[in-house]
Amino acid sequence: MAPQAAPAASRMASTPDLDVVTIPQLQERMTSGSLTSVSLTAAYLRRIRAVDPVIGAVLRTDPTALRQAAASDLRHRTGAVRGPLDGIPVLLKDNVDTRDLPATAGSLALAGRPPRDDAALVTRLWEAGAVVLGKTNLSEWANFRAEKPTSGWSAVGGQTRNPYVLDRNPCGSSSGSAAAVAASLAQVAIGTETDGSIVCPAGMNGVVGHKPSLGLVSGDGVVPISSEQDTAGPMARNVVDAALTLSVLRGDRAGEPPRPVPLRGTRIGLWRLPSLGPEVDAVTTRAAERFRAAGAEVVEVALPHQDRLAELEFPALLSEFHRDIDAYLATRDGPRDLAELVEFNRTHPQEQTCFVGQELFERALVAPATTDPGYLAMRAELDELSARSIDETMTAHRLDAIASPANPSAWTTDCERGDNDVIPSSTPAAVAGYPSVSVPAGFVGELPVGLLLMAGDRQDQALLSLAAAAERELGAWRPPRYLPTVGG
């Protein structure tokens with residue numbers, strides 16, 4: 001089936017337009033009886049069967065999804081609805097533990113028995129009545145294996161493609177979650193980020209991605225890179241769905257949609273990143289012009305300490321990865337620690353079909369322990385400088401948020417070359433543990449570009465409200481066309 005024809009399933013009279021419908025609209029229909037979770041879930045399953053062979057975003061669907069939906073329909077009929085996510089189909093990145101489904105991090109080393117328990121965030125989704133639709137592909141080991149990886153590729157799932165232009169990359173590591181949401185294969189998806197792995201794929205696939213403040217969402221049962229920076233977060237086609245999903249992930253089952261704040265009177269710092277190219281900068285300029293037209297004050301800023309953050313972050317992550325992945329692997333069947341994982345990759349040719357390297361694993365094996373004074377000093381400096389880079393900038397300019405481009409235009413996927421990415425905008429909030437949100441801002445030709453908004457620690461709700469206002473003013477979303485390629 002041609003991918004352009006696939007959306008027909010979402011246009012059935014009994015099913016809402018999956019590309020544009022929001023969670024509040026779905027709940028309104030389920031409450032009135034004009035829609036059931038079973039019919040909604042079935043529509044998404046049909047769409048996965050029709051569209052996913054083209055983009056490779058969904059690794060597997062949950063065989064119990066329709067039974068989960070039927071249980072939600074009973075709750076809707078009996079007035080026992082558990083909240084806004086009750087009956088809403090959700091996809092999970094495959095580094096999130098699920099006891100009844102494989103959770104592989106994209107690696108054959110974990111492709112045997114499922115984990116013993118659900119991740120804490122999955123338990124919260126169950127308790128909120130969400131329908132776990134299945135698992136999404138990702139960059140293997142969340143892009144923390146090779147020095148020159150190819151984002152969106154894993155030995156378990158192969159290559160995920162960008163649904164806007166199929167030979168272009170979806171960015172990593174939450175590539176499958178972003179591509180699936182862009183192609184309307186679920187209402188929302190869960191991604192994870194250490195630095196950029198939610199907000200870059202969100203921007204590059206034309207969707208909303210929210211990296212929450214560190215600790216707001218439990219990391220228990222999520223395959224780690226570093227507990228100092230890792231967080232799961234929601235990905236959706238609109239800010240309201242992302243915000244409602246965050247409410248559930250953080251333990252507030254009732255959740256309220258964000259109220260878009262008037263942009264008039266707000267102050268937004270514009271952090272330009274010339275390294276992403278003049279076309280991306282032009283998208284950022286147009287966004288700033290829209291904000292000014294809506295009454296916002298936009299001032300250009302430069303965040304300090306970025307060179308030092310770039311110098312320190314990677315060595316610190318190597319030490320933290322060795323500590324945290326060893327602790328995680330001890331809970332699973334398969335390699336018992338990082339050393340055994342390195343040996344597994346050496347002896348399994350399927351792990352080398354796109355790129356051979358596992359240089360980051362090997363460097364992590366010999367990195368200083370997290371008890372080493374040199375490491376401790378490095379992490380302390382990282383925490384201080386990253387927080388200061390945002391806090392001092394916001395204070396000096398009296399800002400409500402800082403805005404910057406979330407991504408370059410998508411590069412061509414190429415296993416031999418690896419990624420061709422330069423994405424510095426995610427680092428300050430990622431290292432500081434502060435929130436950031438990517439919203440669609442525009443296009444370079446056929447390729448989406450996101451606008452990244454960041455703010456201070458635990459300012460998630462205020463930032464989501466501002467993101468909703470930005471989304472409304474920019475009006476930049478459009479559905480993918482699944483083009484095979486484009487020139488240039």
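How many cavities of 30 Å³ or more does the structure hold? The structure holds three. The model on display is predicted, and the tour below proceeds from these enclosed spaces to the pockets, and then to a pair of helices and a loop.

**First stop: the largest cavity**

Please select Asn95, Ala142, Thr192, Thr194 and Asp230. Of the 13 residues that line the largest cavity, these five are the closest to its centre. The space within the largest cavity amounts to about 70 Å³. Its lining consists of five nonpolar, five polar and three charged residues.

Keep Ala142 selected for a moment. Ala142 is found in the loop between strand E3 (131-136) and strand E4 (153-154). Its phi is near 55°, a positive value in a residue other than glycine. Ala142 thus offers two points of interest: this backbone angle and a place among the residues closest to the centre of the largest cavity.

**Second stop: the largest pocket**

Next, select Asp195, Glu313, Phe314, Asp421 and Ile423. The largest pocket has a volume of about 1000 Å³, and among the 34 residues that line it, these five are the closest to its centre. Two elements give two or more residues to this lining, namely helix H9 (306-329) and helix H11 (359-365). Colour H9 separately, as H9 gives the most to the lining, with six residues. By residue type, the lining of the largest pocket comprises 16 nonpolar, ten polar and eight charged residues.

**Third stop: the second largest pocket**

Leave H9 coloured and add Gly219, Asp220, Gly221, Val222 and Tyr328 to the selection. These five lie nearest the centre of the second largest pocket, which is lined by 23 residues. The volume of the second largest pocket is about 400 Å³. Which elements give two or more residues to its lining? They are strand E8 (231-236) and, once again, H9. The largest share, three residues, comes from H9. The lining of the second largest pocket divides into nine nonpolar, six polar and eight charged residues. H9 therefore deserves a second look, as it gives the most to the lining of the largest pocket and also the largest share to that of the second largest pocket, where the assignment of elements follows helix and strand runs.

**Fourth stop: helices H7 and H14**

Now select residues 239-249, which form helix H7, and residues 460-474, which form helix H14. How do the two axes stand to one another, roughly parallel or roughly antiparallel? The axes come within 9 Å and cross at roughly 165°. Angles over 145 degrees count as roughly antiparallel, so H7 is roughly antiparallel to H14. The crossing in which H7 passes H14 is left-handed.

To view the contact itself, show the side chains of Val239, Ala243 and Leu246 in H7. They meet Asp460, Gln461, Leu464, Ala467, Ala468 and Glu471 in H14. The residues of this contact divide into six nonpolar, one polar and two charged.

**Last stop: a cis peptide bond**

Finally, select Gly172 and Ser173. The peptide bond from Gly172 to Ser173 is cis, with omega near 5°. Ser173 is located in the loop between strand E5 (158-159) and helix H5 (175-182).

Definitions and conventions. Residues are numbered from 1 along each chain as its sequence is written. This is a predicted model: local features need pLDDT of at least 70, side-chain atom pairs count only at pLDDT 80 or more; totals for chains, interfaces and linings use all residues. Side-chain values use heavy atoms; hydrogens and water are left out. On a 1 Å grid over the protein atoms alone, a cavity is a set of points where a 1.4 Å probe fits but cannot get out, and a pocket is an open set with protein on both sides within 12 Å along at least five of seven lines; lining residues have an atom within 4 Å of a point. Grid points are joined across faces, edges and corners, and a volume is the space filled by probe spheres set on the points. Helices (H or I, at least four residues) and strands (E, at least two) are DSSP runs, numbered from the N terminus. Ala, Val, Leu, Ile, Met, Phe, Trp, Tyr, Cys and Pro count as nonpolar, Asp, Glu, Lys and Arg as charged, and the others, Gly among them, as polar. Axes are lines fitted to C-alpha atoms, for helices over the stretch in contact, and angles run from 0 to 180 degrees between N-to-C directions. Angles under 35 degrees count as roughly parallel, over 145 as roughly antiparallel, 65 to 115 as roughly perpendicular and the rest as oblique. A crossing is left-handed if the near helix is turned anticlockwise from the far one by less than a right angle, and right-handed if clockwise. Contact means heavy atoms within 4.5 Å.
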